[in-house]
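Trainee: Hi, do you have a few minutes to go through a structure with me? I'd like to get my bearings before going back to the bench.

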Amino acid sequence: MPELPEVEVVRRGLERWVAGRTVEAVEVLHPRAVRRHPGGGPDFAARLRGETLGVPQRRGKYLWLPLEGRDLSVLGHLGMSGQLLVQPEDAPDEKHLRIRVRFGDDAGTELRFVDQRTFGGLSLHETVADSPEGLPDVIAHIARDPLDPLFDEAAYHLALRAKRTTVKRALLDQSLISGVGNIYADEALWRSKLHYERPTAHLTRPRSAELLGHVRDVMNAALAVGGTSFDSLYVNVNGQSGYFDRSLDAYGREDEPCRRCGTPMRRRPWMNRSSYFCPRCQRPPRVAS
């Protein structure tokens, strides 16, 4: 699933290509693509027609387009394979095209939502009262992400210590810190020399600050090269893949030498996912006897 850098790359593309454009027509080509919209496809299309899209916003992994002058936003769920593409109007339809948004201008491009596995979708939601960025009410519980200028670092450190969990679980807790997923958690933990099962209650303030710094560093590095793409499922709005996967130090490197000490990297099953780590640099916590 796309994490913060991948979603931010898409947001930037949408800001360039669709912000300020007025919707002329919407085609919903698969009902699952609007299953989170209470009124279904016809209602989604009717309510979006004639609206002007504002500057796309993001909180963590969540992306939305506010509607100008309205207390409504279009929330995009990319899921495992969702893509928001800006394509020429005469370009052939993608095999898994689910929603088409046409605009009432002469720019010659349209917005397409393509989703092979149909886990994602678009939906209209009311915005949180007095929210300057038009935050959809259904994601009001999502914490700010570490690249957000308003991220409260002091509050994060206190919450981390009080959480009474393990460090990777805390990194993936979107109510504590948003935008971090499995890939970038493993990368930040490798850089911090922390095992994924390290209890958060034992993290000192300097160690948690160091970890947060590595989370920011790895996300900024991924942003600089367009995110991480392991196949054609994640692309930006122009259909281009990111290539941070070439720079990964931990994720996906089972049995390859640790770039720091040369020890073969290990993979362990973890919460229906995998955790990649160096058994020498990231020693597991001691089990109390």
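Mentor: Sure, let's go from the overall fold to a helix, a residue and a cavity.

Mentor: Keep in mind that this is a predicted model.

Trainee: Okay, the basics then. How many helices and strands does the protein have?

Mentor: There are six helices and 10 strands. The radius of gyration is 20 Å, close to the 19 Å that the globule rule gives for 289 residues, so the protein is as compact as a globular protein of that length.

Trainee: And what does the C-alpha trace span along its principal axes?

Mentor: About 65 × 40 × 30 Å.

Trainee: What percentage of the residues count as buried?

Mentor: Of the 289 residues, 53% do. As for contacts with a separation of 6 or more, 64% of them come from residues 24 or more positions apart.

Trainee: Let's switch to helix α1. How many residues has α1, and how far does it reach?

Mentor: Helix α1 covers residues 4-17, which makes 14 residues. From its first C-alpha to its last it reaches 20 Å, close to the 20 Å expected at 1.5 Å a residue.

Trainee: Is α1 mostly covered or mostly uncovered?

Mentor: Mostly covered, with 10 of its 14 residues buried. Among them are Leu4, Pro5, Val7, Val9, Val10 and Leu14. Glu6, Glu8 and Arg11 are buried in α1 too, and so is Gly13.

Trainee: What do those buried residues pack against?

Mentor: Quite a list: the strands β2 (57-59), β3 (62-66), β5 (82-88) and β7 (109-115), plus the helices α5 (182-192) and α6.

Trainee: Since α6 came up, where does Ala222 lie?

Mentor: Ala222 lies in helix α6, which runs over residues 205-224.

Trainee: Is Ala222 buried or exposed?

Mentor: Ala222 is buried, because its relative accessible area is 0%, and the cut-off for buried is under 20%.

Trainee: And how are Ala222 and Glu6 placed in space?

Mentor: They are 216 residues apart along the chain, yet their C-alpha atoms are separated by 8.2 Å. Glu6 is one of the buried residues of α1 we just went through.

Trainee: New topic: empty space inside. How many cavities of 30 Å³ or more turn up?

Mentor: A search of the whole structure finds one. Its volume is about 80 Å³.

Trainee: Which residues line it?

Mentor: The lining consists of Leu48, Leu53, Leu65, Leu84, Leu111 and Leu122, together with Val74 and Val101.

Trainee: And how does that lining split by class?

Mentor: Eight nonpolar residues, no polar ones and no charged ones.

Key. Residues numbered from 1 in each chain as written. Predicted model: local features only at pLDDT ≥ 70, side-chain atom pairs only at ≥ 80, totals over all residues. Heavy atoms only, no water. 1 Å grid on protein atoms, 1.4 Å probe; cavity = no way out; pocket = protein on both sides within 12 Å on 5 of 7 lines; lining within 4 Å. Points joined across faces, edges and corners; volume = space filled by probe spheres on them. Nonpolar A, V, L, I, M, F, W, Y, C, P; charged D, E, K, R; others polar. Helix = DSSP H or I, 4+ residues; strand = E, 2+ residues; numbered from the N terminus. Buried < 20%, exposed > 50% of the residue type's maximum accessible area, 1.4 Å probe, protein only. Expected span 1.5 Å × (residues − 1). Contact = heavy atoms within 4.5 Å. Rg over C-alpha atoms; globule rule 2.2 N^0.38 Å.
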